[in-house]
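Visitor: I would like a close look at one part of this protein. Please show me how its helices pack, step by step.

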Amino acid sequence: MFFLKTYIYSIFNTKYYLELNKKSMKIAIFYFIILLVFFSAISSVKVFLNFDNKYNDVKKEFNEKIDEFEIKDGLLTIKGENPLIIRREYLNVFFYDSKNEISFDKKDSIINLIFTKKEFIFEDHLSKIREFRVPYKKMFLQNINKEDFLMFLDIYFLITIILLVLFFVVLDILNIFFMTIIITWIARIINLINGIDSNFKSVYKITLYALTLPITINIILVVIDFNLVYFNLVFIMICLFYLLFAFNNIGNSMIKKESHL
């Protein structure tokens, strides 16, 4: 009940920040964690569905264009379209059984999965591990057919999708925490300019509540799969807007109390 009330009032009633300012830092952090968990859950599902759809497209194209696929004694043999390049957003999957290594255009790709005559090559442009090569013999892919290979791909892509989901979610959460620190310092400087005496802890506490609308907008953008240019700037501006009204209300409340003394 507290979370729902705080969530609604944090967006629609800036005067409620007077009450929130009286709450402890532990309560503010608890509220913020719940908000992040909710955001992470929705973001995770969206990322998972996006990559799962891309993988299903890759499987479908592989089945349509590859008639026979066999790895025997650590060597790949393909009958059908050869070489085969399957391109999806941020993902390239490349198959060929030529003895000579073939290069191909890898522009705009994050992950490249390359199946050559003798080895599997994984290229990841997100992590520090840019490339690693593994012979089929070391992957226990010595004697498999097309159906076995698709089963292997199912397991591999499931693991990959889970890791990518974790990566993007952690990246988003770290970005939000980083923005929180920046916003807190900006808000504190603005308070000092306006003659409002406030320490970092008190400003940070109110900032956690003021992030409600920016995080909500971020969730909506994730759901509708819309990439807003300069969203971090918009994120900061919205939060500062709430903080401006919040500290103005807090400041006026303090002045009224002093005038009654």
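**How the helices pack**

Guide: Helix 1 and helix 6 are roughly perpendicular to each other. This is a predicted model. The axes of helix 1, residues 2-12, and helix 6 cross at roughly 100 degrees. These axes come within 8 Å. An angle from 65 to 115 degrees counts as roughly perpendicular, so the pair earns that label.

Who makes the contact? From helix 1 come Tyr7, Ser10 and Ile11. From helix 6 come Thr212, Leu213 and Thr216. By class, the contact of helix 1 with helix 6 has three nonpolar and three polar residues. Charged residues are absent from that contact.

Now turn to another pair. Helix 3 covers residues 25-65, and helix 5 covers residues 200-210. Helix 3 and helix 5 pack at an angle of about 30 degrees. Their axes lie 9 Å apart. Angles under 35 degrees count as roughly parallel. That makes helix 3 roughly parallel to helix 5. The crossing of helix 3 past helix 5 is left-handed.

Look at the residues on each side. Helix 3 brings Met25, Ile27, Ala28, Ile29, Tyr31 and Phe32. Helix 5 meets them with Lys201, Tyr204, Lys205, Leu208 and Tyr209. The residues of this contact divide into nine nonpolar and two charged, with no polar ones.

Stay with Tyr204, which lies in helix 5. Is Tyr204 buried or exposed? Its relative accessibility is 15%. Under 20% counts as buried, so Tyr204 is buried. The C-alpha atoms of Tyr204 and Ala28 are 9.3 Å apart. Along the chain, Tyr204 and Ala28 are separated by 176 residues. Leave aside the neighbours of Tyr204 within four places in sequence. Tyr204 is then in contact with Met25, Phe177, Thr180, Ile181 and Thr184.

Next, the nonpolar cores. The largest nonpolar core has 37 residues. Tyr17, Ile183, Ile215 and Leu243 have the most contacts inside it. Elements that give two or more residues to this core are helix 2 (17-20), helix 3, helix 4, helix 5, helix 6 (212-223) and helix 7 (231-260). Helix 7 gives the most, with eleven residues.

Take Ile215 from that core. Leaving aside its neighbours within four places in sequence, Ile215 is in contact with Phe32, Leu35, Leu36, Phe39, Ile176 and Phe235. There is also a second, separate core of 32 residues. Among its members are Ile71, Leu76, Phe95 and Ile144.

Finish with two residues of helix 4, which runs over residues 146-193. Asn191 lies in helix 4. Asn191 has a relative accessible area of 4%, so Asn191 is buried. Again, set aside neighbours within four places in sequence. Asn191 then touches Ile196, Ser198, Val203 and Phe247.

Phe168 also lies in helix 4. Its relative accessible area is 22%. Partly exposed runs from 20% to 50%, so Phe168 is partly exposed. The C-alpha atoms of Phe168 and Leu4 are separated by 27 Å. Along the chain, Phe168 and Leu4 are 164 residues apart.

Methods
Residues are numbered from 1 along each chain as its sequence is written. This is a predicted model: local features need pLDDT of at least 70, side-chain atom pairs count only at pLDDT 80 or more; totals for chains, interfaces and linings use all residues. Side-chain values use heavy atoms; hydrogens and water are left out. Axes are lines fitted to C-alpha atoms, for helices over the stretch in contact, and angles run from 0 to 180 degrees between N-to-C directions. Helices (H or I, at least four residues) and strands (E, at least two) are DSSP runs, numbered from the N terminus. Angles under 35 degrees count as roughly parallel, over 145 as roughly antiparallel, 65 to 115 as roughly perpendicular and the rest as oblique. A crossing is left-handed if the near helix is turned anticlockwise from the far one by less than a right angle, and right-handed if clockwise. Contact means heavy atoms within 4.5 Å. Ala, Val, Leu, Ile, Met, Phe, Trp, Tyr, Cys and Pro count as nonpolar, Asp, Glu, Lys and Arg as charged, and the others, Gly among them, as polar. Buried means under 20% relative accessible area, exposed over 50%, partly exposed in between (1.4 Å probe, protein chains only). A nonpolar core is a set of buried Ala, Val, Leu, Ile, Met, Phe, Trp, Tyr and Cys residues joined through side-chain atoms within 4.5 Å.
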